Structure formats: C-alpha cells, structure tokens
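I open this notebook to record what I looked up in one structure. The entries follow the order in which I consulted it.

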Amino acid sequence: MTTVLTPASPLTAADRCDRCGAQAYLRVVLTSGGELLFCAHHGRKFEPELKKIAAEIQDETDRLTAVPASTGEDER
Ligand SMILES: [Zn+2]
C-alpha cells in the first residue's frame, strides 16, 4: 500500500456506495485498475477483502465523525 498512482480527489455527495447507494466515504482503487466506492458501513464490512485487492484505499470516514454541529441533530 505504498504505491500512489494519482492524487485522489475528495469524495463528494455524488459518489455513491456500489452496494447500497448511500453516500460513499471510501474509494478503493484496485490493482487491476478498477475503482470501487463504498459507504462507511460497507467499507468496514468488506475491508478485509478489499485490502487483498486494493492498490489504494482512500478512507474519508473520518468526516462522518467530524460533522459540524450546525443542525443539532445527532445522527449516526
Ligand atoms: Zn453501502
């Protein structure tokens, strides 16, 4: 996991989990050249598998816990 092919762009609200369609917080670049997107839930679920096939994993799940308290909602 030391090879960085290209500078990764941040994930946006338009990036959706390949499994459930929720907003994606992980981008997985495969050694085969493909790319997968996962929400935090599925990212965690498939992490052991992904690590076997990924050239790079961009993990932005930190953003889930770093949400500004602007709405007052305590959503998880
Ligand atoms: Zn998902």
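The entries below concern a metal site first and salt bridges afterwards.

**Entry 1: status of the model.** I note at the outset that this is a predicted model.

**Entry 2: the zinc site.** I asked which protein atoms serve as donors of the zinc ion. I found the SG atoms of C17, C20 and C39, together with ND1 of H42. These donors lie 1.9 to 2.3 Å from the zinc ion.

I then looked up the geometry. The angles among the four donor atoms run from 105 to 114°, and the site is tetrahedral. The assignment follows because four donors count as tetrahedral if all angles lie between 85 and 135 degrees. For reference, I add that the ideal angle for four tetrahedral donors is 109.5 degrees.

Next I traced the donor residues along the sequence. Their spacing reads C-x2-C-x18-C-x2-H. I also checked whether C39 and H42 are buried or exposed. Both of these residues are buried.

**Entry 3: salt bridges in helix α1.** I asked how many salt bridges the structure holds. The count is four, and I describe three of them here, beginning with two in helix α1.

Helix α1 spans residues 40-53. Within this helix, the side chains of E47 and K51 form a salt bridge, with an N to O distance of 3.8 Å. The two residues are four apart, about one turn of the helix. I recorded their exposure as well: E47 has 28% relative accessibility and so counts as partly exposed, whereas K51, at 51%, counts as exposed.

The other pair that I looked up in helix α1 is K52 with E49. Their side chains meet in a salt bridge at 3.6 Å, N to O. Here the residues are three apart, again about one turn of the helix. K52 is exposed, at 63% relative accessibility. E49 is partly exposed, its relative accessible area being 45%.

**Entry 4: the pair E60 and R63.** I turned last to the salt bridge between the side chains of E60 and R63, for which the N to O distance is 3.3 Å. Which class of exposure does E60 fall into? At 13% relative accessibility E60 counts as buried, because the class covers values under 20%. Its partner R63 has a relative accessible area of 36% and is partly exposed.

**Entry 5: summary.** I retain two points: a tetrahedral zinc site with donors from C17, C20, C39 and H42, and a salt bridge that joins buried E60 to R63.

Note on methods
Residues numbered from 1 in each chain as written. Predicted model: local features only at pLDDT ≥ 70, side-chain atom pairs only at ≥ 80, totals over all residues. Heavy atoms only, no water. Donors = N, O, S within 2.8 Å, 3.2 Å for Na, K, Ca; no water. Tetrahedral: all angles 85-135°; square planar, octahedral: opposite > 155°, others 65-115°. Buried < 20%, exposed > 50% of the residue type's maximum accessible area, 1.4 Å probe, protein only.
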